[in-house]
Amino acid sequence: MGLPGDPPGGRRAVAVWSIGVAVYFVAVIFRTSLGVAGLDAADRFDVNASALSTFSILQLLVYAGMQIPVGLMVDRLGTRRVLTLGVTLFTLGQLSFALAPTYGMALAARALLGCGDAMTFIAVLRLGAHWFPARQGPLIAQFTGLFGMAGNLVSTLVIARLLSDLGWTTTFVGSSMAGVVVLVLMLFFLKDHPEGHEPPPAEHAGATYVRKQIAESWREPGTRLGLWVHFTTQFPAMVFLLLWGLPFLVEAQGQSRATAGDLLTLIVLVNMVIGLVYGQIIARHHAARAPLALGTVGVTALVWGSTLAYPGPHAPMWLLITLCVVLGACGPASMIGFDFARPANPPARQGTASGIVNMGGFMASMTTLFAVGVLLDATGGNYRVAFSSVFVLEALGITQILRLRARTARRERERLVASRVEAVHVPA
């Protein structure tokens, strides 16, 4: 049963939200296309592992740095305007990357792409919150992540094949046209909210408003817990899919590029299935959020460590498959972070709070991408040493989750009691 003032949902909501999801889908294709083109990029621009990782680090640096500004923009300007700017930037970034003749120009293109990509996910979450009842929030978030992973699937299956058949320029120029398609759909059919559910007017923009939005969002333990959940759960799979998975499987594990591509595809498929499962569980059992997140981190660390510590020169296929299945749970687990921040903040702060949470995983991914690249160069390509950097960030994240978990639960109980008292005393 919906709460008073909840959006109605229904077919119209699904249609509008689907356009926003299509934008995010294309953004993820562009974001992850480098993951299957890493070896091609190294040859094209004649760069080593550290320079190659700089592509993804810069892209994620821009993405993470834009999260709070984008959250403020979404709260202030609305979804449609922010998505329009985002689509324009990430399409130009993908097109520029296709045509870049030098390493420096290619870096600038990935930064532009990262800037546009940063404007999509938070805006689509906000769109879902404006069109669907609050009780459907966990499912909407997981479905958004699921369709994003479908974009990753396109990268691993389609982009990889096109690179082999058509070459660099044709593949990336052709893929950039998908941005033009979703931009047209959005301009004609996307609406920020259903009629009769207009949000209250935003405060006058300015330094005071910005400081207030950020400070009040950060003050909530649920926002900070959401950030650390996202930080700890997302980055192992992100690092693997975004850049280092294919080189690790080919160079360190002796797999063919075709087999490595199949294993990366497995991560994406498992992600999509587990996303549906996690969304259903959390929608029915709110208390399952922290156990699911911590359980995913624990299993990821165990299987990752087993793969790196395997005594033979190459891990057996069953262990690599297990690793990819476990990494498939990382994306859905990261979405749980938003389920901590959402009830902790009122609608007027949802964009800002989501931006803070979304910084977590991308900061961790950026740090790990850099560490892996540096350690590979320093050790002559020793992936066991390089990938061990994952455990340092996981330990930090688990410590923070355990520290904030009880405080967040207490605040949520206080809010639930207050809302029930308010509901009882509202005049008929």
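**View 1. Cys 330 and Cys 324, two buried cysteines.** Cys 330 has a relative accessibility of 1% and counts as buried (buried means under 20% relative accessible area, exposed over 50%, and partly exposed in between, with a 1.4 Å probe and protein chains only). Cys 324 is also buried, at 1% relative accessibility. Why is the sulfur of Cys 330 not bonded to the sulfur of Cys 324? The two sulfurs are 11 Å apart, which is too far for a bond, although Cys 324 holds the closest cysteine sulfur to that of Cys 330. A search of the whole structure finds 0 disulfides, a disulfide being a pair of cysteine sulfur atoms within 2.5 Å.

This is a predicted model, in which local features need pLDDT of at least 70 and side-chain atom pairs count only at pLDDT 80 or more, while totals for chains, interfaces and linings use all residues. Residues are numbered from 1 along each chain as its sequence is written, and side-chain values use heavy atoms, with hydrogens and water left out.

**View 2. Helix H6 and the salt bridge of Arg 126.** Helix H6 covers residues 121-131, and 10 of its 11 residues are buried, so the helix is largely enclosed by the rest of the structure. (Helices, H or I with at least four residues, and strands, E with at least two, are DSSP runs numbered from the N terminus.) Among the buried residues of H6 are Phe 121, Leu 125, Arg 126 and Trp 131. Arg 126 has a relative accessibility of 9%. Which residue forms a salt bridge with Arg 126? The partner is Asp 75, with the closest N and O atoms 2.5 Å apart (a salt bridge is a side-chain nitrogen of Lys or Arg within 4 Å of a carboxyl oxygen of Asp or Glu). Asp 75 lies in helix H3 (residues 49-77) and Arg 126 in helix H6, so the pair ties together parts that are 51 residues apart in sequence. Asp 75 is buried too, with a relative accessible area of 8%.

**View 3. The salt bridge between Asp 40 and Arg 257.** The count for the structure comes to 7 salt bridges. In one of them, the side chains of Asp 40 and Arg 257 meet at 3.2 Å, N to O. Asp 40 belongs to helix H2 (residues 38-45) and Arg 257 to helix H11 (residues 257-284), so this pair ties together parts that are 217 residues apart in sequence. Asp 40 is partly exposed at 25% relative accessibility, and Arg 257 is partly exposed at 41%.

**View 4. The salt bridge between Asp 339 and Arg 342.** The side chains of these two residues meet at 2.6 Å, N to O. Is Asp 339 buried or exposed? Asp 339 counts as buried, at 1% relative accessibility, whereas Arg 342 is partly exposed, with a relative accessible area of 24%.

**View 5. A nonpolar surface patch that includes Phe 189.** The patch measures about 750 Å², and its members include Met 177, Val 181, Leu 185 and Phe 189. Patches are made of residues with over 30% relative accessible area and no salt bridge; like charges are joined within 9 Å, and nonpolar side chains (Val, Leu, Ile, Met, Phe, Trp, Tyr) within 5 Å. Accessible areas come from the Shrake-Rupley method with a 1.4 Å probe, and for residues only the protein chains shown count as cover. Phe 189 lies in helix H8 (residues 168-189) and is partly exposed, with a relative accessible area of 48%.
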